[in-house]
Structures are given as C-alpha cells and as structure tokens.
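Hello,

Here is the structure I promised to pass on to you. Please have it open while you read the notes below.

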Amino acid sequence: MEQKNLIKQIYSEVINPGNCFHCGLCEGLSKNLFKMTYSNKGPIPKLIRKPIKNDISDLKKIVHACPGRGIPYNHLSKKLITYKKSKIIGNYNYLYLASSNSNQIRQKASSGGLVRSLLIELIKSKKVDYVCALDEKENKILNFDVLVTNSINKILNTSQSIYQTTPLLHKLKELKKNKKYAFVGLPEHIASLRILKVKYPKDYAHIKFLISIYSGTNMYPGAIEFYLKGNGVRNINDIKKIDWRYGEWPGKLRIVTKNKILSLKKFYYNYLIPFFISKSCLITPDFAGELSDISIGDAWSPKLENKGHGYSVAITRSKVFDEILIKLKINNSLYLKKINFKSAVQMHAHMIEFKKVGSYLRIEKLKKKGPVPLYDLEPKNVTSLRKFIESIIGLIISIASNKIVKILFSLVNSRILGFIFKIIRQLWKSISKPTKRKGLNNIKIIKVKNKRVEEFLKT
Ligand SMILES: Cc1cc2nc3c(=O)[nH]c(=O)nc-3n(C[C@H](O)[C@H](O)[C@H](O)COP(=O)(O)OP(=O)(O)OC[C@H]3O[C@@H](n4cnc5c(N)ncnc54)[C@H](O)[C@@H]3O)c2cc1C
Ligand code: SF4
C-alpha cells in the first residue's frame, strides 16, 4: 500500500500538474519501475510496471530528492561549509573570472572552458575515477545522454551548452559505489544530488564532486526543428552536425546539413526561447547552482564580450576547488582572477532577478491551479510594477508557446526573427531594467516554512 501512495504522491504533486524537471531521478533510483519517455513538453517518467514492497525505499528517496517538489535551499545551504553567505547566488568561498589557456579547450568551449579544464584536472590528479557529463550520442543528432568517462579525449569533446531539457540522473544506479565520480549538471540536478548526499551520506559518497553550470532558460525539444523550418530544411535527418556555441565567444548556433551550413549568432537564436521555454526553468529560483561545490557560467560584461575570447565566471563553495583553481593558475593552464560580489552579480543581474523574484511570482499564480514546488526562501515586498512586468512576460510566453503561433512563426526566416527578437529584447531590457535592477538592489529574501522544509527538519 505504501508503495502505491508514494507513486500517487509523485504523480499528484509533480507529474500531473506539469512540475516535472525532467531530471531522470525516478528512473535513476528505481529498479525498472520508471522509464523517462519523450514528450513535446520534455522527457517525463512513465511507470513501466506495478510497484511492489521492495520499491518502497527507492520511492522514498525519489520523493525526498525530486526537484519538482521544490528544494529547501536555505536549509541545505547550511550544510555547505563556506566563508560567505548570499541568498541570491548561494553561499560561497570566492568568485572568479577564468579562462583556459589551452586553445584546444577554449575553441570548443561554451564560455572559458572552465568546466572541462576542471574535469580533466580531477581525472589527472586522480581525485575522481570518472566524470559524468552530458554529451550528444555518437552519430545521433539531438540525442543526448550522460557520458561516464575517464577519457581525456572524450571530456575534451563533450558538447557545448545543450539548450534542451534532458534527463541527467537516470544512470545513477549504474555508478559503482567503490569508484569516485564528479557530476556536471544544471542547478536542479545538483540540488537533487545534494539532497541525496545530505540525507543518505553513505549511499552517495561515491559522487564526490558536484559541478553546476548556471542555468537561466532551457527549452523543450522542437526548437532546432523550428529553426530549420525557417531555413527551408524540412527533414531533421538532413543534419550532419550541430554546434551550439560554435567559434569565437559567445559563439553561434551552427548546423551542418547535407546541402548547406546554417549559422546564427547566440544573441539571435535566443528568439527561440519564448516559443520553447520549459516550465521547469520558470519555476526554480536557482540560477547559480546554489548547492554545488563549484558553479560556472558565462562571464557576461560589455568589456569581455568585445574581446570575443571566452571567459567563465566561477563561484566556489568548496576548498577543494579553490585549491584546484590556484594550482591550474600556477601551472599556467588557466587565466584566473578574483572578482568581487558586485561584479559577479552585475554580470547576471537580469537573470538572477528573473529567478529570485520572477519564479516566486509565477509560482504564486500557479498555486491557484494546483500543487507547486515549495521553497524555503521568498522575496519580500515585490512592487506592483514588477508584478505587471511579470504578467507581460507570462502573456508573451503563453502566446508564443501556442501550437498555431509556432507553426506560423516557423515559416519566417530565422535571421529576420533573430534580428527582430534582438531589438525587442534590448528594448524590453532597457524598459524593465530600472525596475528589475531596483528590485534586485532592494530585494529582501526571507525564510518561510512549509511542509517540504518540515519534512527535512523532521529527519
Ligand atoms: C540550458 C542552459 C542554460 C544556461 N543558461 C546560462 C545563463 O543564463 N547564464 C550563464 O552565464 N550561463 C548559462 N549556461 C551555462 C553556460 O552556457 C556554460 O555552460 C558555462 O558557462 C560553462 O562554460 P565552460 O566553457 O566553462 O564549459 P565547457 O568547458 O565548454 O564545458 C561545458 C560542459 O557543460 C556540459 N553541459 C552542456 N549542456 C548541458 C546541459 N544541458 N546539462 C548539463 N550539462 C551540460 C557539458 O557536458 C560540458 O561538460 C547555461 C547552460 C545551459 C546548458
Ligand atoms: S523531477 Fe525528476 S524525480 Fe521528479 S518526477 Fe520528474 S523526473 Fe522524477
């Protein structure tokens, strides 16, 4: 009976109301009970057999660590031993600007190639036996999976930022308890793994290091097909290769088809976001992977963007990574410079606000319709103007994600759409910036109690 109730809980709180984060944990923790299956609203778990008594302990772990039920960030962040506290980027030790000095790493990097520099160092120094990182399956276009490897060559060649909802935790049970792993994921994957490490330390000690990449917006599958249609390519099988961040930073979306090469600047292909934005990235307050050992993002700043040379921004939350960064700097593998809190926040002020204030407003609206993910921090005193801005964002997304609207827009050339979107985005940013910046400067985040926090405090 208990197993049935746990399944019911996962369905009623997460899957049915559309709160699934597509993380794959349901499959990764159970024994052939769930299978992640394709849907145009991202991969979701499907029950593939009847649950039995022996499934209870796996199901309890899933219920505890499912990001679709929300994450008690404040509670969990206290488990990290750090020097500084922040409720907007998570607690941390130091903040850095970094870029790999290896051309080989940087040329194929999303930003400064820091993630792969760290993975390679972790393998070389034997701090871990394997790394787990997302990659495109060999010769399978738009088919992604977690690569568990200790091959430096394979790490070097992992795909750049894959802007598509993809499970990452579905292979957890395949990891060997007597080996050491480093895991690269989006904030939600890292938060889920942190819960498992805090609640079941012995069972998850083999996942030694958690590396998060920043995540602002993510997209459902279909975005690339939409882009191709706008360029007269009807068949996805015509694609030979996709690079998400090709060439000089910030890079281009580059697609090689049988007959032509398509490429679109990073800022232009952002036009796909309103059409395909995933619900999960709208209902999480975590932009900077707040429960990681180290978080890495693009170092956006007008000065650096003009250089056309990729830089990553890094937030360390563990002494091990502070030491590794210094070591890589000393042996000249890495350009590394400490930056202050204000500079780090300024690089992403818009997106931090979108998560810290925006997600709260979006969740408040969703509460009227059914269960929502529960978090233990909330912004206080959100202005009416900010609420109005959120309504407009919501309206744009709901129109753009309509099936007929998508079909119509897919016929327009992507360069035209990209250009129009870039102008609208700049205009929108300048209109909403004062409110959002003011919002971020004045933002006061308070602790709140709910049944999700109580669950954690109890055990
Ligand atoms: C969906 C998404 C949204 C993002 N949003 C932002 C943002 O708003 N602002 C920002 O500053 N940065 C964002 N990033 C992070 C940024 O694009 C870079 O990944 C980050 O700066 C690290 O770059 P790097 O050069 O150090 O990494 P590299 O050395 O190039 O390594 C990239 C690593 O990322 C892994 N990876 C790629 N895609 C995924 C994925 N979908 N899930 C998990 N791992 C993946 C690869 O396996 C590889 O290990 C986003 C990334 C993704 C995937
Ligand atoms: S968010 Fe992850 S754990 Fe929760 S239902 Fe979806 S796949 Fe399962």
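What follows is a short tour of the two ligand sites and one residue in a helix.

Please keep in mind that this is a predicted model.

Let's start with ligand 1. Its shell holds 33 residues, and those that come nearest are Val-115, Arg-116, Ser-161, Gly-216 and Gly-297. Several elements line this site: helix H6 (114-124) and the strands S4 (130-136), S6 (181-185) and S11 (294-298) each contribute at least two residues. In terms of residue class, the shell around ligand 1 comprises 16 polar, 14 nonpolar and 3 charged residues.

Now for ligand 2. This ligand is surrounded by 15 residues, and the closest are Cys-20, Cys-23, Leu-25, Cys-26 and Cys-66. Two helices, H1 (2-15) and H2 (25-29), each provide at least two residues of the shell. Helix H1 gives the most, with 3 residues. As for class, the ligand 2 shell has 12 nonpolar and 3 polar residues, and no charged ones.

Finally, a look at Ile-399, which sits in helix H17 (residues 384-400). Is Ile-399 buried or exposed? Ile-399 counts as exposed because just 11 other C-beta atoms lie within 10 Å, and the cut-off for exposed is 12 or fewer. Ile-399 can also be placed relative to Lys-329: the two are 70 residues apart along the chain, and their C-alpha atoms are separated by 48 Å.

Happy to go through any of this with you.

Best wishes

Conventions:
Residues numbered from 1 in each chain as written. Chains lettered and ligands numbered in written order. Predicted model: local features only at pLDDT ≥ 70, side-chain atom pairs only at ≥ 80, totals over all residues. Near = placed C-beta within 6 Å. Helix = DSSP H or I, 4+ residues; strand = E, 2+ residues; numbered from the N terminus. Nonpolar A, V, L, I, M, F, W, Y, C, P; charged D, E, K, R; others polar. Buried ≥ 20, exposed ≤ 12 C-beta atoms within 10 Å, placed from the backbone.
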